[in-house]
Amino acid sequence: FMESIVFKDYKKHGITIQTGFYSLAVVYSVLGASNFIGPAVVNKLGSRMSLFLSVIPNVAFIFSLYEPYKLSVFLLSALLGLGGGVLWTANGEVIARNSPG
């Protein structure tokens, strides 16, 4: 729940303390839905490219917190959830492929 701490002192651009909670709700809702499309994306792009591309929303989200706007926080929260589902699937494939047995 670090997002609520980050947004605690932000009053400009429509950011409130509730923005962090709503942002986390968006992240985990989209993450849950994107877990269903993750295998198809990893199948199409391969695990290495999927890992690389799914990290980009993480970096973009972190940079959006430097000067947060309400719209950018929610949009990048959705992209973070989408990338998280693909990241989780690709990471599982890499671990399964490289584990002994």
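User: So helices here are DSSP runs of H or I with at least four residues, numbered from the N terminus. Which helix is Ser-50 in?

Analyst: Ser-50 belongs to helix H4, which covers residues 47-64. Please keep in mind that this is a predicted model.

User: Noted! Is Ser-50 buried or exposed?

Analyst: Ser-50 counts as buried because its relative accessible area is 1%, and the cut-off for buried is under 20%.

User: What does the side chain of Ser-50 reach?

Analyst: The backbone oxygen of Gly-46, at a distance of 2.7 Å.

User: And which residues is Ser-50 in contact with, leaving aside neighbours within four places in sequence?

Analyst: Those contacts are Val-41, Val-42, Leu-45, Val-86 and Ala-90. Val-86 is a nice one to follow up, as it sits in helix H5.

User: OK, let's follow it. Is Val-86 buried or exposed?

Analyst: Val-86 is buried, since its relative accessible area is 9%. Setting aside residues up to four places away in sequence, it touches Gly-38, Val-41, Val-42, Ser-50 and Ser-54.

User: How far apart are Val-86 and Val-42, in sequence and in space?

Analyst: They are separated by 44 residues along the sequence, while their C-alpha atoms are 7.0 Å apart.

User: What about Gly-85, where is that and what does it touch?

Analyst: Gly-85 is in helix H5 as well. With residues up to four places away left out, Gly-85 touches Leu-31, Ser-34, Asn-35 and Gly-38. It counts as buried because its relative accessibility is 0%. There is also a distance to note: the C-alpha atoms of Gly-85 and Ala-33 are 7.9 Å apart, with their positions 52 residues apart along the chain.

User: Zooming out, what does the secondary structure of the chain come to?

Analyst: The chain has 5 helices and 0 strands. Read from the N terminus, the elements go α-α-α-α-α.

User: How much of the chain counts as buried?

Analyst: The chain has 101 residues, and 31% of them count as buried. Its accessible surface is about 6,600 Å², with 71% of that belonging to carbon and sulfur atoms.

User: And what share of the contacts with a separation of 6 or more comes from residues 24 or more positions apart?

Analyst: That share is 73%.

User: Switching to the surface: which residues form a nonpolar patch?

Analyst: Phe-36, Ile-37, Leu-75, Leu-79 and Leu-82 do, and together they have about 510 Å² of accessible area.

User: Where are Leu-75 and Leu-79 found?

Analyst: Leu-75 is in helix H5. Leu-79 is found in H5 too, a helix that spans residues 70-98.

User: Why does Leu-75 count as exposed, and what is the relative accessible area of Leu-79?

Analyst: Leu-75 is exposed because its relative accessible area is 54%, and exposed means over 50%. Leu-79 has 38%, so it is partly exposed. By the way, the C-alpha atoms of Leu-75 and Val-27 are 9.7 Å apart, for a separation of 48 residues along the chain.

User: Now charges. How many salt bridges does the count come to?

Analyst: The count is 1 salt bridge. Glu-93 forms it with Arg-97, and the closest N and O atoms are 3.5 Å apart. For the pairing to count, those atoms must lie within 4 Å. In general, side chains of opposite charge can pair when their charged atoms come close.

User: Where do Glu-93 and Arg-97 sit relative to each other?

Analyst: Both are in helix H5, and because they are 4 residues apart, about one helical turn separates them. Glu-93 is partly exposed, with 34% relative accessibility, whereas Arg-97 is exposed, with a relative accessible area of 51%.

User: Last topic, confidence. What is the average pLDDT of the chain?

Analyst: The average is 88, and 88% of the residues score at least 70.

User: Which elements have the lowest and the highest mean pLDDT?

Analyst: Helix H1, residues 2-6, has the lowest mean at 61, and helix H3, residues 38-45, has the highest at 95. Where pLDDT is low, the predicted coordinates should not be read in detail.

Definitions and conventions
Residues are numbered from 1 along each chain as its sequence is written. This is a predicted model: local features need pLDDT of at least 70, side-chain atom pairs count only at pLDDT 80 or more; totals for chains, interfaces and linings use all residues. Side-chain values use heavy atoms; hydrogens and water are left out. Patches are made of residues with over 30% relative accessible area and no salt bridge: like charges are joined within 9 Å, nonpolar side chains (Val, Leu, Ile, Met, Phe, Trp, Tyr) within 5 Å. Accessible areas come from the Shrake-Rupley method with a 1.4 Å probe; for residues, only the protein chains shown count as cover. A salt bridge is a side-chain nitrogen of Lys or Arg within 4 Å of a carboxyl oxygen of Asp or Glu. Helices (H or I, at least four residues) and strands (E, at least two) are DSSP runs, numbered from the N terminus. Buried means under 20% relative accessible area, exposed over 50%, partly exposed in between (1.4 Å probe, protein chains only). A polar contact is a pair of N or O atoms within 3.5 Å; within protein, one must be able to donate a hydrogen and the other to accept it, and residues adjacent in sequence count only if both atoms are side-chain atoms. Contact means heavy atoms within 4.5 Å. pLDDT is the predictor's confidence in each residue, from 0 to 100.
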